[in-house]
Structures are given as structure tokens and as C-alpha cells.
Amino acid sequence: MIRYALIRILSAIPILLGVSVVSFGLLFLQPGNPVEALLPLEASPQIAEMMKQQLGFDQPVWRQYLAWLQRTVQGDLGVSLYDGLPVAGQLGGALFNTMVLAVPAAVLAFVLGGALGLIAGYHRNTWIDRSASALAIVGVSLPQYWVAIVLVVLFSVTVNWLPASGMASPDGIPRSFSDLANMVMPVLALMLVPMGVVARVVRASVQDILSQAFIAGLQAKGLARGRILRHVIRNAMSSALSVMGLQFGFLIGGSILIEVVFNWPGSGQLLNLAIFRRDIPVLQGTVVVVAGLFVLTNLAIDLAQAAIDPRMRR
Amino acid sequence: MTMTQLQSASPSVSAATKAPGYWRSVGQRLMRDRVGIASALVLLAIVVSALAAPLIAPHDPNSGSVMTRLSPIGTPGHLLGTDATGRDILSRLIWGGRLSLLSGITPVVLATLIGGTLGIIAGMSGRLVNGIIMRITDIFFAFPSILLAVAISGVLGNGLGNTLVSLTVVFVPQVLRVAESATVQIARQDYVDAARATTASRLLIMTSQVLPNVLSPILIFATSLIAVSLVVAAGLNFIGLGVAPPAAEWGSMLNELRDAIYINPTLSILPGVMIVATSVCFNLLSDSLGSAMNIRETDK
């Protein structure tokens, strides 16, 4: 196990380096040179030259990259071009707010999707299976941002039960029912797609497990249905965990659309603002940190899987 | 399919007749799949109405009158109402199909061509080339798709072309991975070894032995990708990255109508219905295609 863990952890390093190269490279995709984007149109060429030197844009690209990487690894993501504040601080707060939505959404999606998949898998080819599968395919096809709008129409416009947007408590942690009320719709909208995905994977995996010989063996032994169910769940868990790891990354990376609808001050909203302010340091910082987190989440899931299921340690 | 079945299917032809080709039997299976046909028909209707937009749209999609702002569904002359600047929603939905379908389907077509080719090359190459291509692919998998699409089109700026580029970049690695693993499996088969033994060139083996066999997994994946691509492309337009404002596109319409959510809630969800219908149909079609192409598995 330790050997497997070590190899798996080491193999994440080149990926993380690749991620940093791509995130750094984003700077060079924008039309015109980066200094022009920063300065007002009427700025003199001398000032542009000064700015170029000050920001290190006169250096060769690989040196710029190494300097940027060194700062990034040390947690210094530079300052925002818009308000001059350090990017790391802004991003930290925003990521926390994103997690406030993503964690409950992930847990709910895992539990409900797992249950749905388990029920469908157990009742193979019955109406229960077909309606659960239909629900799952609709869940996968629905655009989250549209679900969010439909929820707002239903619960804010029509019956006025839930607030249409915003985060009630300033630090993101819900302390009262009204703070929680602000979270209900964003969490529901975020949950739907991963729930559908988990349900589809669990259904397939349960059907596969139920057809295996050891289940017949357990039945022949006279084991009660509930005890057999426990074996099924344990075996289906590992595939469910691995898709959920991916989906959790998508929840954080894809939160931008939901956060825009609900005006939730998370990392997606920050990325959105950075794009429209042409604030490259914030954009780069958000992309590299969120992608880095995605890599680490998948690493953690892989290790957890190997811990649960020794067959994975190859 | 056994010989007896074959003969009973075509009793007038001699036994020497070839079995129906792969693609023909896939077509026949698709014709028997009711869900598949229904979703194909809905898609056909959407595509045809988008193409025929100048003929069938009741109004000019980009001109409105302040006198008729936000009229509700069922207003005479404006069947689905009007938006905040008085433009006819039905006409905009019909016209919007052009940009939405174009920006959803084109990236998948491009990604299938690029990713498919690179994937087959990677699958047939030695360890070095394969390793280089696949490790670069791994890096792109480290980015959640929406984050990568938003970041690239955010940096590139607005415009249909930039949306297409960013989505293509997002989908190439995904198609590549599917194509590579299918190719690796096929390349191990005996008939490929046999072809190698006849000293056929690598290119010939690739086009005559490998390509026909990896085409179906790639196509099945690509059709399911269209559903994702449509939703993400409309999402980019929804947050204002994409086509420039007056143009009709479902995602940007959804965003425009969101401001009127308290005045006319039903209107504000309409463009989304189009996105959902198209995306669900492509997903269902992909499922049908998958089971129709998986002849060996279902014949058991």
C-alpha cells in the first residue's frame, strides 16, 4: 500500500507541472501584449517600456514562467490589476464560499444518487429501473444554470419561500435558518448532475455485482437480504467513489454558472469578474489553484479507493 | 446471425450472398428503436426550423418595438411573447437554433477529427510517441471542462470563433482518450498481426484494419459529447462569453430574459427548454446508437 501511495503521489507531480504550464500559457492567448492590456490607450511608449521591465515581460518566456512558478508554489499569486489586493487572499475567501455549496451538494449527490442507482440495479428491467434511469439521464442532460433559473421561478417568484440570490452571512458559514435558506437552491442546482452520474454508475455496478457468483454463494449460504445488501454496497462503493471524486472537481470548477445566477461570491464568481475586468493575475490564480485542487482531489480519491479495495493497488 | 436466419431472411437469394454490411445492420437496428427514432425526429425538426429560419420565423429576430415590451405568452402576433426590447421570442428561438447548434456541434466535429486521428496514431505508435501524446492529454484532463472552457474563451475574448476554439480544446483530449484505448485493443487482435505479416504499411493497416473498427466507439462517444457541448456552449453565452449581443442564441437569450424574471417568469425559462430538449435528444440518440452498434454484445 505504501509503495502504491508513493508512486501515485509522485506521478501527480508532472501533471501539476503541466497544469501550471497551461495556466501560465493563458496569458499569451489574449490578443495584444499583456502590457498594452494594462495601460490606458494614451500611455507613452516610455511608460509602457518601464511597465514591461517592472513586470518582467522583457525576460525570456521560460524565465518568466519559472519566476511565476516559484512565486505560485510559495503561495504568492500576485496582486489584482483591478484593486491591487493580493490574489491569494481574495481567492481563499472565494474558494471557501464555493466549498460551502460544493460539499453539501457532493454529499447529497453521492447519497441520493447511490440510493437511486442501488434501487434501479436491484430491480433490473422493471418500471422502477426504467424511471430511475430516465431520471438519471434527464439529470445528466439538464444545464445547471437553467435548473437554477427554474428553481428561482418556482420558489422565489411564484411562492416566495426562498431568497432569489446572495449569501446571507458575510463569512459564508450558515448560522441561522435564513442563512441556510440562501443555500437551498444553489445546492439543489449543483447536486442534480453528479446525482445522475452517480446513479448511472452505481446501477451498472450493482447489476454487475449481482450477477457474480459470490452473491449466489451468499444466497445459498442462507444469508438474509439485508446482509447481502451490505456486500453489494461495499463492492459498488469503489466505482461510486471514483466518479464522485471527478464530479466534486466539476462542482468546484463548474460552479461559475450557478454562482452567477445566485450572485454567490465564490471562486466562479471571482473568475467571472476577472474575465470582464481583464484581470489576468486573478484569472490565472483561480485557474491554477482550482485545477491543482482537482488533481489533489483525484489523488486523494485514488488513495482512498486503494485503501478500501486492495485490487486497485496495481 | 446464423446462416439459417440469413437464408430465411432472403430466401430468393443464393446462400453465397454476403451478410448485410455492418453499417446497414446498424441502420436497421436504429430504425427499430422507438426512443432513438423519436429523438432523431425532434432533432430533425429543430435543425430544419433553424435552417429555414428566414422562411418560417414570423418576425425579424433583432427588431422590436418598445410598445410591445415583455408581452406574455399567447399575445396575438407574438405566440411566445416578447422580450425586454419587444423582440418576438418565437422568432428569436427559431433563429437562435442556428448559433446554438453551430456552437454546440462544430467543436465536437473538430474534436472528433483531431482527437480521433491523434488517438489512433497514439494507439498504434510505440511507447515513446504514445507516452508523449497521452501524458499531454492527462494534463488537459486535470482541468474541469467548464473551468477550461471559461478560462480559454475568457482570455480569447468574445466571438463565435473563440467559443468554438475553446470548446474544441476542451473536447480533443476526451475523444483522444477514447480513440486511443479502442485502438490499443484492436491493434492487439490477430487480424492486425496477420496484416502486419503481409508487410502492409502502417498507414494501410491504420486505414483498412483499425479505422473501421474504432469508428463506432468514437462515434458513440462523439454523439454523447454533443449534448455536453451544447449545454456548455450555451453556458458560455449565458455568462456573456460568446456571440455579440443582438444576435439570437439560446444561452444569451436565457441571460437576457433573466432580468424579467419577476415580470414574466414563464418567459424567462423558455430558451432553456430548447437547450434541454436538444441535449436530452442527443443523449438518447447516443444511447440508441450505442446499443445499435454493439451488435456482438446484444446478439448473445
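User: At roughly what angle do the axes of helix 8 and helix 10 of chain B cross?

Analyst: In this predicted model, helix 8 of chain B spans residues 160-187, and its axis comes within 9 Å of the axis of helix 10 of chain B. Helix 8 of chain B passes helix 10 of chain B in a right-handed crossing. Angles over 145 degrees count as roughly antiparallel, and the two helices are therefore roughly antiparallel to each other. The crossing angle is roughly 155 degrees.

User: How many charged residues does the contact of helix 8 with helix 10 of chain B have?

Analyst: From helix 8 of chain B, the residues that take part include Phe171(B), Val175(B), Val178(B) and Ile186(B). Helix 10 of chain B meets them with residues including Val214(B), Pro217(B), Phe221(B) and Leu225(B). By class, this contact has 18 nonpolar and five polar residues, and the number of charged residues is none.

User: Which helix gives the largest share of the largest nonpolar core?

Analyst: The largest nonpolar core has 150 residues. Those with the most contacts inside this core are Ala148(A), Val198(A), Ala291(A) and Val175(B). Val175(B) is also one of the residues of helix 8 of chain B that meet helix 10 of chain B. The largest share of the core, 18 residues, comes from residues 202-238 of chain B, that is, helix 10.

User: Which residues does Ala148(A) touch, not counting residues up to four places away in sequence?

Analyst: Ala148(A) is among the residues with the most contacts inside the largest nonpolar core. With residues up to four places away in sequence left out, Ala148(A) touches Met185(A), Ala189(A), Ile258(A), Val261(A) and Phe262(A).

User: Which helix of chain A gives the largest share of the side that touches chain B?

Analyst: The contact takes 39 residues from chain A and 35 residues from chain B. On the side of chain A, the elements that give two or more residues include helix 1 (2-25), helix 10 (225-253) and helix 13 (280-308). The residues of this side divide into 31 nonpolar, eight polar and no charged. The largest share, eight residues, comes from helix 7 of chain A.

User: Why is helix 12 of chain A largely enclosed, and which helix of chain B helps to cover its buried residues?

Analyst: Helix 12 of chain A is largely enclosed by the rest of the structure because eight of its 10 residues are buried. Among these buried residues are Gln269(A), Leu270(A), Leu271(A) and Asn272(A). Their cover includes helix 5 (87-122), helix 11 and helix 13 of chain A, together with, from chain B, helix 7 (145-156).

Definitions and conventions
Residues numbered from 1 in each chain as written. Chains lettered and ligands numbered in written order. Predicted model: local features only at pLDDT ≥ 70, side-chain atom pairs only at ≥ 80, totals over all residues. Contact = placed C-beta atoms within 7 Å. Helix = DSSP H or I, 4+ residues; strand = E, 2+ residues; numbered from the N terminus. Nonpolar A, V, L, I, M, F, W, Y, C, P; charged D, E, K, R; others polar. Core = buried A, V, L, I, M, F, W, Y, C linked by C-beta atoms within 7 Å. Buried ≥ 20, exposed ≤ 12 C-beta atoms within 10 Å, placed from the backbone. Axes fitted to C-alpha atoms, helices over the stretch in contact; angles between N-to-C directions. Parallel < 35°, antiparallel > 145°, perpendicular 65-115°, else oblique. Left-handed = near helix turned anticlockwise from the far one by under 90°.
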